[in-house]
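Me: Hey, I've got a new structure here and I'm not sure where to start. Can you walk me through it?
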Amino acid sequence: MIEHFTPREIEAMRPAGRFVADTLATLRDEVAVGTNLLDIDARATELIAAAGATSCYVDYHPSFGASPFGKVICTSVNDAALHGLPHDYAVRDGDLVSLDFAVAVDGWVADSAVSFVVGRAREEDLRLIETTERALAAGIAALQPGGRLGDVSAAIGAVCREAGYGVNLQFGGHGVGRTMHGDPHVPNDSRPGRGLKLRPGLVVAIEPWLMAGTDEIYTDGDGWTLRSRDGSRAAHSEHTVALTDDGPLVLTARA
Ligand code: MG
């Protein structure tokens, strides 16, 4: 079922969006060469507790997960694309780090992801990250009353394909509200003019992710982390966006 939310409910989602945005900005600033992925998770846990928020990840146990996730943030490094399970690893100079974070505040969920390079960046990593950010911006811009969900997917896919990357359609965006994952599914490629008719009140997480050399993934032995088949690096950009009468409102926009 696809839920639509009132302007008042969308207002009520703002604190969750702001907290997720602020937390990702803080963590991005704090992560440096030598930072352990377990410390990122501990820091996020501390910020969640201080804010009185609730993690959407810690008890998360979907059919594809080996066991409950057990951590509050996804830390995907280099060839890890999605669902990176924090483990004992100290970030190295030049690592491409993606953080994906979802919490509930006052019963409303926000979900966002950011990718960045720690230390000295390789040109091709910056290009990969920048492409996911541009695809995200294009997807958000296409979320307009009267349009179709396919417009959003097509806008994302066009940016990725024009940049020369393959698009994996196994994981994409999703409805967000009182739970982390709802309908509709928001694929990262499609044809414009198709699918759900867009009307105000829809709230979705839009999340393009790319791998530099392949569109195939496999699951790491930890049962969670999804890695690129060829070992090439991955990037991921995500925002939770509400469709209002005036167009898209990015609830997780970072200051
Ligand atoms: Mg997410």
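Reply: Sure. One term to begin with: two strands pair if DSSP finds at least two bridges between them. Also keep in mind that this is a predicted model.

Me: Okay, so which strands form the open sheet, and in what order?
Reply: Three strands make an open sheet, ordered E3-E11-E10, and their pairing is antiparallel. The twist from one strand to the next averages 45 degrees.

Me: Which strands stand at the edges?
Reply: Those are strand E3 (80-82) and strand E10 (217-219). Each has a single partner strand, so one side of each is left without a neighbour in the sheet.

Me: How many bridges join E10 to E11?
Reply: Three, with E10 and strand E11 (residues 226-228) running antiparallel. To pick one out, Thr 219 has Leu 226 in E11 as its bridge partner.

Me: Let's look at Leu 82. Is it buried or exposed?
Reply: Leu 82, which is found in strand E3, has 4% relative accessibility and so counts as buried.

Me: What does Leu 82 touch?
Reply: Leaving out residues up to four places away in sequence, Leu 82 touches Ser 76, Phe 171, Trp 209, Trp 224, Thr 225, Leu 226 and His 236. Leu 226 is also the bridge partner of Thr 219. As for Ser 98, its C-alpha atom is 8.2 Å from that of Leu 82, and the two residues are 16 apart along the chain.

Me: Changing topic: how many residues of E4 are buried?
Reply: Ten of its ten residues, so to speak of E4 as mostly covered is fair.

Me: And which residues sit on which side of E4?
Reply: On one side you have Leu 96, Ser 98, Asp 100, Ala 102 and Ala 104. On the other are Val 97, Leu 99, Phe 101, Val 103 and Val 105. Both faces are covered, with all of these residues buried.

Me: Which way does E1 run against E4, parallel or antiparallel?
Reply: Antiparallel, with two bridges joining E1 to E4. In one of them, Ser 55 is matched with Val 103 in E4.

Me: What about E2 and E4, how many bridges there?
Reply: Four, and E2 and E4 also pair in the antiparallel sense. Cys 74 has Asp 100 in E4 as its bridge partner.

Me: And E4 with E5?
Reply: E4 and E5 pair over ten bridges, in the antiparallel sense. Val 97, for example, is partnered with Phe 116 in E5. E4 and E5 form a hairpin with two residues between them, and Asp 106 in the turn has a positive phi of about 50 degrees.

Me: Asp 100 came up twice. What coordinates the magnesium ion?
Reply: Asp 100 (OD), Asp 111 (OD) and Glu 238 (OE) coordinate the magnesium ion, at 2.0 to 2.1 Å. Along the sequence, these donor residues are spaced D-x10-D-x126-E.

Me: Where do Asp 100 and Asp 111 lie?
Reply: Asp 100 lies in strand E4 (residues 96-105) and Asp 111 in strand E5, so the pair ties together parts that are eleven residues apart in sequence. Asp 100 and Asp 111 are both buried.

Me: Now the rings. How many aromatic pairs are there?
Reply: A search of the whole structure turns up five. In one of them, the ring centres of Phe 5 and Trp 108 are 5.6 Å apart and the planes are at 85 degrees, so the pair is edge-to-face.

Me: Why does that pair tie together parts that are 103 residues apart?
Reply: Because Phe 5 lies in the segment before helix H1 (7-12), while Trp 108 lies in strand E5 (residues 108-117). Both Phe 5 and Trp 108 are buried.

Me: What lies over the face of Trp 108?
Reply: Arg 178 does, at 3.9 Å from the ring centre.

Me: What about Tyr 57 and Phe 69, how are they arranged?
Reply: Tyr 57 and Phe 69 form an edge-to-face pair, 5.9 Å centre to centre with 65 degrees between the planes. Both are in the loop between strand E1 (54-55) and strand E2 (74-77), twelve residues apart. Tyr 57 counts as buried at 5% relative accessibility, and Phe 69 is buried with a relative accessible area of 5%.

Me: Last one: which residues do ring pairs link into a cluster?
Reply: Tyr 57, Tyr 60, Phe 69 and Trp 224. You've met Trp 224 already, as one of the residues that Leu 82 touches.

How values were computed: Residues numbered from 1 in each chain as written. Predicted model: local features only at pLDDT ≥ 70, side-chain atom pairs only at ≥ 80, totals over all residues. Heavy atoms only, no water. Phe/Tyr/Trp six-rings, centres within 6.5 Å; stacked < 30°, edge-to-face > 60°. Buried < 20%, exposed > 50% of the residue type's maximum accessible area, 1.4 Å probe, protein only. Lys NZ or Arg CZ within 6 Å of the ring centre and 35° of its normal. Donors = N, O, S within 2.8 Å, 3.2 Å for Na, K, Ca; no water. Axes fitted to C-alpha atoms, helices over the stretch in contact; angles between N-to-C directions. Contact = heavy atoms within 4.5 Å.
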